[in-house]
Amino acid sequence: MTVDGGALEQLGKRVRAGGAEKYHAANAAKGKLFARERVALLVDEASFVEDGLYANALAEGLPADGVVTGTATIDGRQVCLMANDSTVKAGSWGARTVEKIIRIIERAYDTGVPMVYLVDSAGARITDQVELFPGRRGAGKIFWNQVRASGSIPQVCALFGPSAAGGAYIPAFCDVVAMVEGNASMYLGSDRMVEMVTGEKTTLEAMGGAKVHCAESGVGHFLCKSEAEALDVVKRYLSYLPANWTQQPPTAEPVEASAKADLAALVPASERQAFDMRRYVKGLLDEDSFFEIQALWAKELTIGFGRLNGEVVGVVGNNSMFKGGVLFVDSADKATRFVQLCDAFNVPLLFLSDVPGFMVGSAVEKQGIIRHGAKMITAISEATVPKICVVVRKAYGAGLYAMAGPGFEPDATIALPTAKIAVMGAEAAVNAVYANKIAAIEDEAERAAFVAAKREEYERDIDIVRLASELVVDTIVEPHELRAELVRRFAAARSKERHFSRRRHGVTPV
């Protein structure tokens with residue numbers, strides 16, 4: 001059968017129009033854009049080349065089988081992308097949908113370019129389950145390809161609506177997920193299914209909404225107020241990463257740090273007084289270059305990309321404004337994943353330490369703080385990119401290890417004059433060693449004098465100059481010298497040999 005030009009043009013128009021007008025109107029009322037509008041906003045003008053436009057063209061009401069796939073450029077750099085069309089059966093998956101998604105991920109992997117997922121899908125079409133679910137080219141092959149591509153090419157997801165049931169794993173296998181507040185959600189079972197199975201009465205928003213995943217579960221990384229903001233997150237995220245694992249991150253024109261930042265003034269003299277590590281990071285990096293990731297989750301640890309003299313770095317910093325900067329189960333997981341991301345894509349790591357250690361107590365022990373801490377320390381050990389540990393204020397206990405301390409082969413351990421490195425802080429140490437003797441001193445003034453003397457003795461023992469003299473730290477620098485010191489040291493470490501161990505892979509302490 002042949003198709004004349006006019007008929008083909010009409011078919012193309014119908015397919016590109018998506019679903020019925022009433023579904024477009026319903027989406028618009030929620031502030032949602034059409035899938036093809038999202039693609040147009042994201043990519044460079046006239047750069048999109050679509051694949052599978054006529055998928056399921058002979059079926060009624062299934063234009064492109066509910067998903068747009070193809071290649072394009074973003075800021076002049078090649079990407080592959082998919083975008084669910086929620087005007088077509090709520091963006092649900094049929095057999096051709098699945099095949100299109102598999103093919104575009106395979107193309108991204110084969111050509112070594114980033115993969116972008118614009119997700120808005122109700123999940124699999126139950127009516128088509130035999131065709132789409134169990135086979136060798138069924139839905140499972142999507143996730144297999146995502147896992148194979150992980151660490152080989154950047155994978156980033158913007159979530160505009162639901163990502164339901166098995167489909168929720170598409171965002172989960174991405175490096176980062178931007179979620180639009182009020183519309184985006186991820187869940188394995190709907191609220192109705194949850195009530196049927198467990199008896200719990202809940203809502204999709206309360207169970208799997210954007211705020212839940214960005215602030216509580218950690219599955220979401222960016223909470224966005226609009227679709228335009230989510231698309232901008234995708235662009236900005238990719239601007240810090242190479243096209244694939246064999247390349248280096250893109251450089252930018254060097255920019256000076258903010259002239260307003262006084263790094264010395266930001267760090268209080270008393271280690272009991274909190275300060276915001278995010279302000280410190282912004283004052284250290286090229287002005288306006290810090291791109292924080294997971295800002296709402298496990299806030300005791302700050303992570304994100306930035307630039308030092310135009311070169312991309314990944315930052316891991318303890319933030320004493322939240323929970324005193326102590327490492328918990330979630331913050332250990334947050335660090336682990338980010339360190340692995342940076343190591344995969346050749347992004348040097350900068351650790352800014354102000355850590356009292358890992359949290360203790362029955363609650364965190366039951367949560368598995370030991371294995372989560374071990375997972376973080378594993379990631380630090382295995383990372384072979386240039387990594388520099390800066391002890392800004394304190395590095396106590398296993399916190400020193402978790403922040404790439406001297407035993408973990410950093411390319412440098414730098415101390416500021418405010419730095420303290422010890423098994424524990426002076427107050428805890430004196431109490432641990434002299435608790436009985438302190439309790440036996442009845443006179444209050446005498447007891448206070450004894451404690452003060454022992455504290456001073458302990459502080460002398462861990463004096464930072466002494467640690468530098470014994471080569472525990474490589475240098476001590478003043479705050480205003482730190483940026484220039486880091487620029488020079490990262491430049492020197494850029495060509496380092498990156499072999500770690502004789503093996504296929506380790507056994508992660510999950």
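Modeller: Let's begin with a word we will need: a residue is buried when its relative accessible area is under 20%, exposed when that area is over 50%, and partly exposed in between. Please keep in mind that this is a predicted model.

Biologist: Thanks! How many disulfides does the structure hold?

Modeller: A disulfide is a covalent bond between the sulfur atoms of two cysteines. To count as one here, the two sulfur atoms must lie within 2.5 Å. With that cut-off, the number of disulfides in this structure is zero.

Biologist: Which cysteine has the sulfur closest to that of Cys174, and why is there no bond?

Modeller: Cys174 is a buried residue, since its relative accessible area is 1%. A disulfide needs sulfur atoms within 2.5 Å. The gap here is 4.9 Å, too far for a bond, and the cysteine on the other side of that gap is Cys157.

Biologist: And how far is the sulfur of Cys342 from the closest cysteine sulfur?

Modeller: Cys342 has 0% relative accessibility, so this residue counts as buried. Its closest cysteine sulfur belongs to Cys389. That is too far for a bond, because the distance is 16 Å.

Biologist: On to the rings. How many aromatic pairs are there?

Modeller: Two rings pair if their centres lie within 6.5 Å. Counting by that rule gives a total for the aromatic pairs of 12.

Biologist: What kind of pair do Phe275 and Tyr280 make: stacked, tilted or edge-to-face?

Modeller: The ring centres of Phe275 and Tyr280 are 6.3 Å apart, and their planes meet at 65°. Planes over 60 degrees apart have a name of their own, so this pair is edge-to-face.

Biologist: Are those two residues buried or exposed?

Modeller: Phe275 has a relative accessible area of 4%, while Tyr280 has a relative accessibility of 0%. The cut-off is under 20%, so Phe275 and Tyr280 are buried.

Biologist: What kind of pair do Phe305 and Phe338 form?

Modeller: The centres of the Phe305 and Phe338 rings are 5.5 Å apart, with the planes at 45°. Under 30 degrees would be stacked and over 60 would be edge-to-face, so this pair is tilted.

Biologist: How many residues apart in sequence are the parts that this pair ties together?

Modeller: Phe305 belongs to strand β10 (residues 301-308), and Phe338 belongs to helix α14 (residues 329-344). Both Phe305 and Phe338 are buried. The pair therefore ties together a strand and a helix, and the separation in sequence is 33 residues.

Biologist: Which residues do ring pairs link into a cluster?

Modeller: Phe305 and Phe338, which we just met, belong to this cluster. The full membership, joined through ring pairs, is Phe222, Tyr237, Tyr240, Phe291, Phe305 and Phe338.

Biologist: Which ring has the charged end of Lys141 over it?

Modeller: A charge must be within 6 Å of the ring centre to be counted as sitting over the ring. The charged end of Lys141 is 4.1 Å from the centre, and the ring belongs to Trp144.

Biologist: Is Asn56 buried, exposed or partly exposed?

Modeller: Asn56 is found in the loop between β1 (49-51) and β2 (67-74). Its phi is near 60°, a positive value in a residue other than glycine. With a relative accessibility of 28%, Asn56 counts as partly exposed.

Biologist: And Gln294, is it buried or exposed?

Modeller: Gln294 is in the loop between β9 (291-293) and β10. Although Gln294 is not a glycine, its phi is positive, about 55°. Because its relative accessibility is 6%, Gln294 counts as buried.

Biologist: Now the helices. How are α3 and α11 oriented to each other?

Modeller: Helix α3 (residues 35-42) packs against helix α11 (residues 227-239) at an angle of about 45°, with the axes 10 Å apart. Their crossing is right-handed. An angle under 35 degrees would be roughly parallel, but α3 and α11 are therefore oblique.

Biologist: How are α14 and α16 oriented?

Modeller: The axes of α14 and helix α16 (residues 369-382) come within 8 Å and cross at roughly 20°. The crossing is left-handed. Since angles under 35 degrees share one label, α14 and α16 are roughly parallel.

Biologist: Last one: what is the handedness of the crossing of α4 and α6?

Modeller: Helix α4 (residues 95-111) and helix α6 (residues 140-149) have axes 9 Å apart and an angle of about 15°. That makes α4 and α6 roughly parallel. Their crossing is left-handed.

How values were computed:
Residues numbered from 1 in each chain as written. Predicted model: local features only at pLDDT ≥ 70, side-chain atom pairs only at ≥ 80, totals over all residues. Heavy atoms only, no water. Buried < 20%, exposed > 50% of the residue type's maximum accessible area, 1.4 Å probe, protein only. Phe/Tyr/Trp six-rings, centres within 6.5 Å; stacked < 30°, edge-to-face > 60°. Helix = DSSP H or I, 4+ residues; strand = E, 2+ residues; numbered from the N terminus. Lys NZ or Arg CZ within 6 Å of the ring centre and 35° of its normal. Axes fitted to C-alpha atoms, helices over the stretch in contact; angles between N-to-C directions. Parallel < 35°, antiparallel > 145°, perpendicular 65-115°, else oblique. Left-handed = near helix turned anticlockwise from the far one by under 90°.
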